[in-house]
Amino acid sequence: MNLLLAEITGILLSIVVLLPFVLVLFNSSKKSADIVISPIMPPTHIGQLFTNLSNVIHNQNFSYWKSFSSSLIITVVSLVLLSLFSGMAAWVLVRNKKNWSNFIFMLFVAAMVIPFQVVMLPLLSTFRSLSVFTGIQFLNSYTGIIFAYLGFGGSMSIFILHGFIKGIPYELEEAAWIDGCSPEGTFFRIIFPLLKPVQMTVLILNGIWIWNDYLLPSLMLGLNGRIKTLPIAVSSFVGSYVKQWDLILTAALLAMIPIIILFVFAQRQIIQGMVEGAIK
């Protein structure tokens, strides 16, 4: 009885999770008028999907490949830097037993509960001032948006890695130091490889957030700037008086496809990392 209840619950949860994607797929295969009339009905002509895809990809306002490249650059560079710097910071905070180490860690934890809406206007003014002071363009540039993601994603990443590093035996590092390994060598040769399971979790959580984020890029890059991520590009089909639902939903489908492909090919590593992290 309990097994049957668990199966029914699993099926219902699967339907709830998959329903939004199915609706996007259905409506990407319709004309805009058909979407307004019957948004939940299956499409009658699947060929309309390829027509919509062609219209979106070749639309000058959307610029799919350019937007895809921008999203890819921002996501990959941000994840690489988050993985590296968060791991280094968490390791130092764990192994340093002084009071200032605990204080800094609690600052990172406290930063996780601050709503983004509270800091978004000070963020813009600060980056504008930094651009004037340093001569480095922080607004409407890759540098600024990546730097912002490091700040907003670092707190959660350090929090997760901090707990995992506590479970790594300190004797491993002592053995490395006895063999003449420097602190940098100890981290990159001993600690960083051991972080692979939990790093996968960090990369997944931050990667989905960065790829799908709309608010921060719209503030940092602008809706009509030279750099557009895919979520910003999708909004180009939404006007004050006209909403091209067929193109909006098809563009949203195109924005989801890379993440879906990534999950399909990386699901083994994802599951392995979660299992190793649980065992650890």
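A surface patch is made of residues with over 30% relative accessible area and no salt bridge, in which like charges are joined within 9 Å and nonpolar side chains (Val, Leu, Ile, Met, Phe, Trp, Tyr) within 5 Å. The accessible areas come from the Shrake-Rupley method with a 1.4 Å probe, and for residues only the protein chains shown count as cover. In this structure, Ile 257, Ile 260, Ile 261, Phe 263, Val 264 and Phe 265 make a nonpolar surface patch of about 570 Å².

The model is predicted: local features need pLDDT of at least 70, side-chain atom pairs count only at pLDDT 80 or more, and totals for chains, interfaces and linings use all residues. Residues are numbered from 1 along each chain as its sequence is written, and side-chain values use heavy atoms, with hydrogens and water left out.

## Overall architecture

The protein has 13 helices and 0 strands. Here helices (H or I, at least four residues) and strands (E, at least two) are DSSP runs, numbered from the N terminus. The C-alpha trace spans about 70 × 65 × 30 Å along its principal axes. Of the 280 residues, 35% count as buried; the term buried means under 20% relative accessible area, exposed means over 50%, and partly exposed lies in between (1.4 Å probe, protein chains only).

## Helix H1 and its kink

Helix H1 covers residues 2-27, which makes 26 residues. From its first C-alpha to its last it reaches 37 Å, close to the 38 Å expected at 1.5 Å a residue. That expected span is 1.5 Å times one less than the number of residues in the helix. H1 nevertheless has a kink of about 40° at Leu 18, shortly before the proline Pro 20. The bend at a residue is the angle between axes fitted to the seven residues ending there and the seven starting there.

Asn 27 also belongs to helix H1. Asn 27 is buried, with a relative accessible area of 6%. Asn 27 and Leu 253 are 226 residues apart in sequence, yet their C-alpha atoms are 9.9 Å apart in space.

## Helix H13

Phe 263, one of the residues of the nonpolar patch, lies in helix H13 (residues 245-279). At 48% relative accessibility, Phe 263 counts as partly exposed. Thr 250 is placed in H13 as well, but Thr 250 is buried, with a relative accessible area of 0%. Between Thr 250 and Leu 53 there are 6.4 Å in space, C-alpha to C-alpha, although the two are 197 residues apart in sequence.

Leu 247 is likewise found in H13 and is buried, at 8% relative accessible area. The C-alpha atoms of Leu 247 and Pro 231 are separated by 13 Å, with their positions 16 residues apart along the chain.

The table lists relative accessible areas for residues of helix H13.

| Residue | Relative accessible area | Class |
|---|---|---|
| Thr 250 | 0% | buried |
| Leu 247 | 8% | buried |
| Phe 263 | 48% | partly exposed |

## Contacts between helices

The structure holds 1 salt bridge, a term for a side-chain nitrogen of Lys or Arg within 4 Å of a carboxyl oxygen of Asp or Glu. Arg 95 forms the bridge with Glu 173, and their closest N and O atoms are 2.7 Å apart. Arg 95 lies in helix H4 (residues 64-95) and Glu 173 in helix H8 (residues 170-178), so the pair ties together parts that are 78 residues apart in sequence. Glu 173 is buried, at a relative accessible area of 0%.

There are also 15 aromatic pairs. Rings of Phe, Tyr and Trp (its six-membered ring) pair if their centres lie within 6.5 Å; planes under 30 degrees apart count as stacked, over 60 as edge-to-face and the rest as tilted. Tyr 149 and Trp 209 form an edge-to-face pair, 5.1 Å centre to centre with 90° between the planes. This pair links distant parts of the chain, with Tyr 149 in helix H7 and Trp 209 in helix H10 (residues 196-212), 60 residues apart. Tyr 149 counts as buried at 1% relative accessibility, whereas Trp 209 counts as partly exposed at 29%. In addition, Tyr 64, Trp 65, Phe 68 and Trp 211 form one aromatic cluster.

## A loop residue

Asn 140 lies in the loop between helix H6 (116-134) and helix H7 (142-165). Asn 140 has a positive phi of about 60° although it is not a glycine. At 36% relative accessibility, Asn 140 counts as partly exposed.
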